[in-house]
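Student: Could we go through this structure together? I'd like to see how its pieces pack.

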2 protein chains.
Amino acid sequence: MLTERQSRILGFIIGEYVEHATPVASQYIEQNYPVGASAATIRNEMAELEEQGYLNHPHTSSGRVPTGKGYRLYVETLMREEEVPWDAQQTILHQFHQIEQGQESWAQLAAAVLAQSVENAAVVTTPRMDVCRIKHLELVSLHDMTFLLVLVLDEGRLEQQVLSSGGLYSQEELSATATQLNRRYEGKTSKELAGDETDLSELELLVMEAVHSVMRSVDEGGAEEAHLEGLRHVLSQPEFSNSEAVLGLLELLDGQNLSRAIPLRALAREGVTVIIGADSPQLTNASEAMRACSVIVGSYGAPGDASGALAVVGPMRMRYSRTISTVRYLADVMSELLSEQYEGPTG
Amino acid sequence: MLTERQSRILGFIIGEYVEHATPVASQYIEQNYPVGASAATIRNEMAELEEQGYLNHPHTSSGRVPTGKGYRLYVETLMREEEVPWDAQQTILHQFHQIEQGQESWAQLAAAVLAQSVENAAVVTTPRMDVCRIKHLELVSLHDMTFLLVLVLDEGRLEQQVLSSGGLYSQEELSATATQLNRRYEGKTSKELAGDETDLSELELLVMEAVHSVMRSVDEGGAEEAHLEGLRHVLSQPEFSNSEAVLGLLELLDGQNLSRAIPLRALAREGVTVIIGADSPQLTNASEAMRACSVIVGSYGAPGDASGALAVVGPMRMRYSRTISTVRYLADVMSELLSEQYEGPTG
DNA sequence: GATTAGCACTCTCGCATTGAGAGTGCTAAC
DNA sequence: GTTAGCACTCTCAATGCGAGAGTGCTAATC
């Protein structure tokens with residue numbers, strides 16, 4: 001257990017280290033923080049904190065650096081969560097209301113806003129239902145024997161697929177078919193579809209097979225898109241000053257690997273979760289490159305209803321207070337926007 | 001002007017340097033390439049090549065390194081374009097036919113394939129008409145006073161926008177409205193729309209205003225999406241071994257800046273264009289970080305019809321022959337796929 | 001006159017050394 | 001329990017050195 005003074009010193013050291021990224025010396029603390037004790041005493045306390053695993057020594061004669069355990073204690077008990085400053089709130093709201101068309105770029109935008117706001121990398125997934133339902137489908141003739149299937153799912157998500165038919169159909173025929181299928185299948189889930197595909201024309205069968213396969217892949221999360229922004233913030237931190245580390249992280253987060261490296265959906269739960277270092281069992285495959293990083297995960301939307309996840313990825317040495325509150329704030333903003341859009345402004 | 005032997009030596013040096021990224025010595029050339037002259041003679045020729053600006057000296061006593069001018073000569077006259085190896089072709093085709101649904105992820109996939117194939121970064125833009133036309137529109141009720149406008153444009157591109165209406169409309173009313181609007185506006189361009197918006201109901205007006213604004217922004221290229229993949233290949237090259245260079249390039253290409261840094265549409269023309277170093281006037285704003293890079297730009301689709309651009313970004317020290325032929329090959333594959341999908345398999 | 005062998009010269013790179021500075025750990029006094 | 005004082009450790013930057021690589025030049029050769 002830590003004494004009051006030890007806790008305060010740990011807090012000071014973390015604050016100092018987060019800001020300057022350089023090991024913190026006893027003398028420096030004495031001169032810049034109101035500890036009420038001499039450097040020697042602070043040194044003793046530091047030794048004790050190190051004994052208990054909250055601090056570390058790069059080498060014999062250098063200042064102290066917080067460990068993962070140190071950060072965790074800080075986040076869980078020492079830190080007090082600060083409000084998101086009013087002007088930061090305004091900036092976020094402003095940027096958000098710039099674009100409010102469909103969610104094509106919504107998640108992307110959210111990621112960019114978040115990244116800029118906390119000056120770290122941010123990931124935002126598109127909102128998704130646990131099990132999606134057909135809201136509407138439409139068939140649009142493209143040319144000769146090909147046409148486009150447009151599928152609107154219940155959270156307003158769009159899916160499309162180009163189909164080649166065996167025969168030639170006019171737009172009128174396609175529209176009529178679409179109307180019929182809509183009447184029959186609206187509101188159905190992928191599972192409910194499975195048992196209800198008798199008595200269909202050749203065209204209808206072709207369409208419904210495609211619908212089925214699209215919905216399955218959406219259900220499986222294959223269609224979940226995670227947008228990453230602001231990697232540069234993380235990579236310009238001093239912990240990535242050697243380019244090996246840069247490549248490690250880049251390899252991990254760039255491109256397709258993202259969702260494998262950070263299983264956002266699995267991590268997102270009510271409230272905000274903080275993962276410090278690669279300590280969490282969920283991040284085992286992340287390993288190496290993530291060892292010096294922390295992830296702050298939040299979720300938006302309503303559970304059961306459409307929901308998505310948002311996260312900040314940054315070095316372990318991170319302004320947790322600010323970051324956590326920003327994630328929480330943004331999650332609220334996004335939840336609200338989502339419910340406004342899809343449940344009516346009055347709802 | 002260069003003699004035959006000088007040209008060959010330049011070619012050897014470039015080949016060597018491209019592969020090993022280390023300055024090339026006269027003795028090495030003598031022992032590994034059929035020049036038919038001694039190291040001393042090769043040294044003399046190298047001095048001459050340097051005089052003329054094709055080679056460079058990192059310092060007095062080190063081998064030679066090609067300059068931008070050297071690479072340009074190589075690409076324009078010395079190099080012979082190699083065929084894309086059969087198995088590489090197969091790999092590309094295979095990967096491409098894995099997914100062939102709409103182009104949501106198409107450009108992304110193409111970028112990934114290209115990046116992997118040439119082991120460099122790749123950018124692919126979504127196909128786009130010079131001036132887009134309405135193919136079809138659809139209205140889907142979401143909740144109470146909001147509904148979704150789904151707009152299918154002529155190259156099969158989908159756009160969506162959430163609208164809030166003044167009043168309450170049923171799905172039937174919305175569908176009827178959509179049918180009417182389709183009849184009236186199908187095939188129209190943004191401009192043609194402008195003069196033809198009289199005599200509309202409140203709902204219709206709301207919809208057509210949204211349609212108009214979406215189409216304008218698509219026309220302006222604001223909606224053009226450029227997908228970047230494989231940055232890691234470039235960044236792991238030795239020219240980016242110091243992390244400053246990494247950050248420079250990352251800042252430039254990551255996120256929103258991409259299309260500003262490389263104005264793909266402006267660069268793409270018939271055939272394949274090679275930009276070596278930041279020598280091209282079009283890349284002036286790219287500057288610094290791109291100075292050590294080359295860009296190979298191609299275009300796919302048909303001019304006048306839907307078309308897009310694809311590009312490879314890599315260090316100046318690049319396997320030009322292979323890269324150029326791969327870009328050309330992929331452009332052909334994509335053009336074909338595009339025409340198959342949207343002009344009918346028989347066309 | 002072009003080519004080549006030979007050699008001095010230059011510059012890099014890796015390695016060990018050195019000295020200053022920072023910060024701790026320990027001991028003894030308060 | 002706290003603190004002053006001091007020796008000790010380790011880093012970091014600068015310096016010097018030797019080996020090695022590769023050139024540039026000169027003089028001999030074909």
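Tutor: Sure, and keep in mind that this is a predicted model. Let's start with two helices: the axes of α1(A) and helix α3 (residues 39-51) of chain A come within 10 Å.

Student: At roughly what angle do α1(A) and α3(A) cross, and what do we call that arrangement?

Tutor: The two axes cross at roughly 90 degrees. Angles of 65 to 115 degrees count as roughly perpendicular. So α1(A) is, relative to α3(A), roughly perpendicular.

Student: Which residues of α3(A) make the contact?

Tutor: On the α1(A) side you'll find Arg5(A), Gln6(A), Ile9(A), Leu10(A) and Ile13(A). Sorted by type, the residues of this contact are six nonpolar, two polar and three charged. From α3(A), the contact uses Thr41(A), Ile42(A), Glu45(A), Met46(A), Glu48(A) and Leu49(A).

Student: How many charged residues are there in the contact of α1(A) with α4(A)?

Tutor: Helix α1 (residues 4-20) and helix α4 (residues 68-78), both of chain A, pack at about 110 degrees with their axes 10 Å apart. Ser7(A), Leu10(A), Gly11(A), Ile14(A), Tyr17(A) and Val18(A) of α1(A) meet Gly70(A), Tyr71(A), Leu73(A), Tyr74(A) and Leu78(A) of α4(A). Eight of the contact residues are nonpolar and three are polar, and the number of charged ones is: no charged.

Student: Is the crossing of α1(A) and α4(A) left-handed or right-handed?

Tutor: The angle alone makes α1(A) roughly perpendicular to α4(A). As for the hand, α1(A) passes α4(A) in a crossing that is left-handed.

Student: Now the sheet: which are its edge strands?

Tutor: It's an open sheet of three strands in the order β4-β5-β6 (chain A), paired antiparallel. An edge strand pairs on one side only, and that fits β4 (134-143) and β6 (158-164) of chain A.

Student: Which residue stands opposite Leu149(A)?

Tutor: Strand β5 (residues 146-153) of chain A pairs with β6(A) in the antiparallel sense over seven bridges. Across from Leu149(A), in β6(A), stands Gln161(A).

Student: Which helix packs on the sheet and touches β4 and β5 of chain A?

Tutor: Look for a helix whose direction makes about 165 degrees with that of β4(A). This one covers residues 171-185 of chain A, and it's α7.

Student: And at about what angle does α9(A) run to β5(A)?

Tutor: Helix α9 (residues 202-219) of chain A lies across β4, β5 and β6 of chain A. Relative to β5(A), α9(A) runs at about 45 degrees.

Notes
Residues numbered from 1 in each chain as written. Chains lettered and ligands numbered in written order. Predicted model: local features only at pLDDT ≥ 70, side-chain atom pairs only at ≥ 80, totals over all residues. Heavy atoms only, no water. Axes fitted to C-alpha atoms, helices over the stretch in contact; angles between N-to-C directions. Helix = DSSP H or I, 4+ residues; strand = E, 2+ residues; numbered from the N terminus. Parallel < 35°, antiparallel > 145°, perpendicular 65-115°, else oblique. Left-handed = near helix turned anticlockwise from the far one by under 90°. Contact = heavy atoms within 4.5 Å. Nonpolar A, V, L, I, M, F, W, Y, C, P; charged D, E, K, R; others polar. Pairing = 2+ DSSP bridges.
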